[in-house]
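Reader: Before we discuss terms, please show me the sequence and the structure.

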Number of protein chains: 2
Amino acid sequence: MLESTLDIGTAAQILKLLGDKTRLTMVKILDHHDCCVCEFVGIFNMSQPAISQHLRKLKDAGVVGETRRGQWIFYSLNKNSEYYQLVQNLLSHLPSQDDKLAQLEEQGLRISCE
Amino acid sequence: MLESTLDIGTAAQILKLLGDKTRLTMVKILDHHDCCVCEFVGIFNMSQPAISQHLRKLKDAGVVGETRRGQWIFYSLNKNSEYYQLVQNLLSHLPSQDDKLAQLEEQGLRISCE
DNA sequence: TACATATATAAGCATATTATTATATATTGA
DNA sequence: TCAATATATAATAATATGCTTATATATGTA
């Protein structure tokens, strides 16, 4: 739980990455639940490619990781990222986004492939 | 020291604002020292209008405030901002930028108008 | 008052960002 | 094997961003 320091240019890149409402919401959701692309498509009012592109940016930065489970690719927070601590810190300032998943559930769009 | 929550869209805006290396460095410096525009001009390899424009964005968001002292306008962190807590949290992940002020001092460019 | 210094604003331009649509690829299951 | 579903990539277009230069405004001082 060491409070290490990030290069300021690197930190700025991460803040820019998270300085987008869609991506920030994604990350907040992923803090508590893994999600697949189609769930995000259900949550955001945006095309599937747009969702994929946001996830790609998060993945390229190492903030999230992906695992294929059958037909679906699930994204999760990368707890081993060197930015994880910063990200956790940020997320603590944000309200839960669990309502978005609850809505999905109501619509029968929640994926569970266990 | 209440840990209150920010609207996620608002938080994203603040992160975007700070997701620029120049502005993030400015804020980190202002965390410890008030600075005037011409000092920032000395620190960053950038024109004076560019500096003013960055400061304007920070001011418009309420992250920093300004006070005229004679010929100079000094900027400072706005400790009353509703984002102050978030900002402090972010800054704790960044290395000190005091070397930049030290360099200024060496060049005789540090302003003190007390 | 006139000039120097500090700062802000305006206009313009190059580049980055974020969406869209169209299409490619991978997996599942009949 | 073929069709359906899930996801990724490519091309493109609209808008945003971050500089630059030119200019305006405010203050201090001879």
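Reader: In what sense do strand E2 (residues 64–69) of chain B and E3(B) pair, and over how many bridges?

Author: This is a predicted model, in which local features need pLDDT of at least 70 and side-chain atom pairs count only at pLDDT 80 or more, while totals for chains, interfaces and linings use all residues. Residues are numbered from 1 along each chain as its sequence is written, chains are lettered from A and ligands numbered from 1 in the order in which they are written, and side-chain values use heavy atoms, with hydrogens and water left out. Strands are DSSP runs (E, at least two residues; helices are H or I, at least four), numbered from the N terminus, and two of them pair if DSSP finds at least two bridges between them. E2(B) and E3(B) have 6 bridges, in the antiparallel sense, with Gly65(B) opposite Ser76(B) in E3(B). The two strands form a hairpin with 2 residues between them, and Gly70(B) in the turn has a positive phi of about 65 degrees.

Reader: What makes Lys57(A) a polar contact of DNA strand C?

Author: A polar contact is a pair of N or O atoms within 3.5 Å. An N or O atom in the Lys57(A) side chain is 2.8 Å from a phosphate oxygen of the strand, and for Arg23(A) the corresponding distance is 3.2 Å. Gln53(B) instead places a polar side-chain atom 3.4 Å from a base nitrogen of DNA strand C. Two or more residues of the surface near this strand come from each of helix H4 (48–60) of chain A and, in chain B, helix H3 (37–43), helix H4 (48–60) and strand E3 (72–77).

Reader: Which residues come nearest to DNA strand C?

Author: A residue is near if one of its heavy atoms lies within 4 Å of the strand. There are 26 around DNA strand C, and Ser47(A), His54(A), Cys38(B), Gln48(B) and Tyr75(B) come nearest. Of the strand's atoms within 4 Å of the protein, sugar and phosphate account for 68%.

Reader: Why is the relation of chain B to chain A called a two-fold axis?

Author: Copies are superposed by least squares on C-alpha atoms of residues with pLDDT of at least 70 in both. A turn of 180 degrees, with a shift of 0.0 Å along the axis, lays chain B on chain A with an RMSD of 0.0 Å. That is the relation of a two-fold axis.

Reader: How do you know that the copies meet through the same surface?

Author: Contact means heavy atoms within 4.5 Å, and 26 residues of chain B contact 26 residues of chain A. Because 100% of chain B's interface residues are also interface residues in chain A, the copies meet through the same surface.

Terms used:
A polar contact is a pair of N or O atoms within 3.5 Å; within protein, one must be able to donate a hydrogen and the other to accept it, and residues adjacent in sequence count only if both atoms are side-chain atoms.
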